[in-house]
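User: I would like the labels used for this model to be justified. Please go through them one at a time.

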Amino acid sequence: MSFLSPRPASECAGYPTSSCLQSSQFITVLSLVGWRPEVGDVLPVSKACLRMCWVKFSNVTDCEKFFLDGTTPNLPGILVDGTVQNQNRYKPICQLFNNTYRFATLYDTTNRIPVFSAYTFTGPGGKRPDQSWMIEPQLENIDIKEMKTQGDKKVKELNNNKAVTHQAVDTDYELNKMKLDRGHLFPCSHAPDDDAKRSTFTLTNAVPQYEKFNRGSWKTMECRVRKFLELNCKDNNDQIKAYVVTGAVPSHSNTLNKRVNIPDHLWTAYCCYNNNLKQWVAGAHWGENVQDTKGKTLNPETLGALEGELNKIYNVGVKVFHDKCPRTVVLSVLEDETGRNLESVEEVGKKRVRERSRERSIKMARRTGELKECDEEDGCDCDCDEK
């Protein structure tokens, strides 16, 4: 189930169900006396209030693990202090596939694209599966517990063959003449196993992305970030673990099939603990959703720089990660114009420079193996990206 399963209306006689507000208040009262939903629990709400009352990712215990210390992004007007602001429009989804929660998504049912998807990176595995794209039945008030294909027999039966209205569908993308891909936010190439890879093929995890951008600079960036996380994000148990959030900034009026918003920009950020450096490290990227020009690259940026850009869109108060993630410094590997690898330190509000003292420290980290390189030729194969 992508959210918590609702009780059938027939079982709700003893609960306040006349409005979503009443049910939300009822859940709040229960939480004050120590009740909290767990996996398999059901919310005492009517089918008519399906998912309208679930307003925090923390309402599903197994969904908190996709956020560092359970701290969700702060996006003014959308998600503040973990609570969805416009609960009729934005839906928190704890993405379930084959009875396991895989990642978390905040979905915009008006624009029919995700605001962001959040996941934990634990290392990639396997090849791109042959998986049809899926939808979230519960966004259509269909009481099915996890993502399914739109043609699923049970989905069609419970939906009475009605049109899917609150999310994107395959026909929005098929035969489009705008050269747009279904662009993953949680990329298949970052998923650890076959089931996790399959779970990324839900249209609640995709946005219309121009194909040369999706298959060009964005794909290359995903590749390099993946390798960087593999090499540099190991915890005290020497296990790969990084927190990643990837989002989309919607356009004002640019749409696919007159119903699915085509975002202006995509952004992504990671934060992880580096056991060799004994500190948290973070980095970010963003790019304009337009067809790539030849040779276009997306340079690493600081987490603070990304939040600064998002503040221009969502107003002051944007926070992608917990405070323990550094905002002003990103350790990264770049290539200069000669193709040589360089370590770089970037600071918010300053021109990108290689500070001598800091460079010596990073070069020492490189020599001692504390900070490792991401080499384009080091097996970084993003075969899971949309084709």
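The exchange below takes up burial, helix length and salt bridges in this predicted model.

User: Why is Thr200 called buried?

Analyst: The relative accessible area of Thr200 is 0%. Buried means under 20%, so Thr200 is buried. Thr200 sits in the loop between helix 4 (194–199) and strand 9 (206–210).

User: Which residues does Thr200 touch, leaving out those up to four places away in sequence?

Analyst: They are Phe103, Trp133, His184, Phe186, Pro187, Cys188 and Asn205.

User: What makes the pair Asp195 and Arg102 a salt bridge?

Analyst: The N to O distance between their side chains is 3.6 Å. The cut-off is 4 Å, so the pair qualifies as a salt bridge. Asp195 belongs to helix 4 and Arg102 to strand 6 (residues 100–108), so the bridge ties together parts that are 93 residues apart in sequence.

User: Are Asp195 and Arg102 buried or partly exposed?

Analyst: Arg102 has 15% relative accessibility, so Arg102 counts as buried. Asp195 has 27% and is partly exposed, because the partly exposed class runs between 20% and 50%.

User: How do you know that Arg198 and Asp194 form a salt bridge?

Analyst: Their closest N and O atoms are 2.8 Å apart, and the limit is 4 Å. Both residues are in helix 4; because they are 4 residues apart, about one helical turn separates them. In general, residues three or four places apart in an α-helix point the same way, because the helix has 3.6 residues a turn. Arg198, at 22%, is partly exposed, and so is Asp194, at 37%.

User: Why is Asp323 called exposed, and what is Lys319 called?

Analyst: Exposed requires over 50%; Asp323 has a relative accessible area of 55%, so Asp323 is exposed. Lys319 has 33% and is therefore partly exposed. The side chains of Asp323 and Lys319 meet in a salt bridge at 2.8 Å, N to O.

User: How many salt bridges does a search of the whole structure find, and which residues are linked in a network?

Analyst: The search finds 12 salt bridges. Asp181, Glu211 and Arg215 are linked in a network of them.

User: What span is expected for helix 7, and what span does it reach?

Analyst: Helix 7 (residues 303–314) has 12 residues and reaches 16 Å from first to last C-alpha, close to the expected 16 Å at 1.5 Å a residue. Its buried residues include Leu303, Leu306 and Leu310. The buried residues of helix 7 pack against strand 10 (242–249), strand 13 (265–274) and strand 14 (279–288). Asn315, with a positive phi near 80 degrees, follows the helix.

Technical notes. Residues numbered from 1 in each chain as written. Predicted model: local features only at pLDDT ≥ 70, side-chain atom pairs only at ≥ 80, totals over all residues. Heavy atoms only, no water. Helix = DSSP H or I, 4+ residues; strand = E, 2+ residues; numbered from the N terminus. Buried < 20%, exposed > 50% of the residue type's maximum accessible area, 1.4 Å probe, protein only. Contact = heavy atoms within 4.5 Å. Expected span 1.5 Å × (residues − 1).
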